Amino acid sequence: MRKNIVMYFRKRPLSRDPFETFGTKRSVYHKFFQQGVLRGFNMFIASGEENHRHSLLFRNTFVYNSDHFEPYQREVRADAIFDRSGGLGFPPKEIGSKVLNCIEFKQLCNDKNAQKEILGKYMPESFCIRTQGDLSTCIKKCNRDSKIVLKPARGMQGKGILIDTPSKIAQFHIEDGNEYTLQGFVDTSLGIPKIAKSHHDLRIVIVDGEVVLSHVREPKPGSLLANVAQGGSIREIPLDAIPQFIQTATGEIQSLLDKKYDFPLYSIDFGIQNKTTPFVFELNDQIGFPTEAMIGSELFIQKTLESLEKRASK
C-alpha cells in the first residue's frame, strides 16, 4: 500500500497551485512533490489548525496529481508529516517519530538559552537575562570596551537584536515575562577564507544527518545584521568550498543533536572570528526551500524525502 506524506502549513491558502506566489522556489516545491510521487508516495498538502483533526489525521487536503494539486474528498491519515507550520502549536508530542521535526527539537530551536545549555562550547560567552537585575549583574562581567549583543531568547529574523557597548545595553528596559540572551560580540569583520571578505553569517543546512546546503549572508552597508529580513544579501556556497574547520565543528554539533532529536532538518548559523574560529549564532528548525538556481536543491529534496520515508516506515 502506498504511504501518505503530508506537508502541513498552519496558514497557507490551498488551491491547484498553493505555491504560485513563491517565485523562484515554486518549481522546487513542485519538484519535491513530483519526486515524492515517483518514489511511490501519495503526496498531500494540508493547511489550517482546524483541518488537523488529531494525531495523524487531516481533512480538506489537496493531493498532488501529475503537475497540479486536486481537492481530496476524504480524510487522510499521514504515514509521515513534513511540518512547515512554524511556531510551537504543532506537532503533538505523541507523533514525534512520524514528523519532521519533532516538537522537542522545535522547542530547542525556539530558545537560544536552551541552545546554550547544549552548545555552550561552540557559542560566544552567553548569559540568560530575565530581569533588570540579571542584566546589570551580567553586564559587569563583560569587557566594557567591547561590543556586546542582547537578543530575544525566542526571537527570529534578527528582530529585536541590540549590538552596542555595555554602557548602552545597560540602559535597555527588561519587561516582566520576557527572556533575553546576552552574548559577547563575535567579530566577523575578517571574513571567511575564499567565502566572505567581511561581516557575515554562514548557514549550514543538515537533513537526515547530512549537510545538503550552505550559504553565506552578508549585511547591507552600515549594518551588522546579516538576516535577509534586515536587508542582508544571500549567496550559495558549494559544499566542497566549506573550510575543514567549519566541517569539523558541524560534525561535532551533529553528534550532539542528530540522534537525540531523530535526525531533524535544521541549520546551524556560524560566525567566524579571526578567520578560523567558528561560533554558533543559533539553530533553526524552519528552513526555507532553496531556489531553483541553487545547485544544492536536488540534494535537499532527495534527503528530505529519504528522511520522510524512514518516518513513514516506523
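1. By the distance rule used here (a disulfide is a pair of cysteine sulfur atoms within 2.5 Å), the count comes to zero disulfides. Please keep in mind that this is a predicted model, where local features need pLDDT of at least 70, side-chain atom pairs count only at pLDDT 80 or more, and totals for chains, interfaces and linings use all residues. Residues are numbered from 1 along each chain as its sequence is written, and side-chain values use heavy atoms, with hydrogens and water left out.

2. Why is C109 too far for a bond? Its closest cysteine sulfur, in C102, lies 9.3 Å from the sulfur of C109. C109 is buried, at 11% relative accessible area (buried is under 20%, exposed over 50%, partly exposed in between, with a 1.4 Å probe and protein chains only).

3. C128 is in no disulfide either: the nearest cysteine sulfur belongs to C138, 8.4 Å away. With a relative accessible area of 27%, C128 is partly exposed.

4. Now to helix α6, residues 244-257 (helices are DSSP runs of H or I, at least four residues; strands are runs of E, at least two; both are numbered from the N terminus). Its 14 residues should span 20 Å at 1.5 Å a residue (1.5 Å times one less than the number of residues), and the end C-alpha atoms are 20 Å apart, which agrees.

5. Which residues of α6 are buried? They are I246, A249, T250, I253, Q254 and L257. Because they cover an arc of only 140 degrees around the axis, they sit on the same side of α6 (the arc is that of the directions from the helix axis to the C-beta atoms). On the other side, Q244 and S255 are exposed.

6. The cover over the buried residues of α6 includes α2 (103-109), α3 (112-119), β14 (201-207), β15 (210-218), β17 (265-273) and β18 (277-284), with contact meaning heavy atoms within 4.5 Å.
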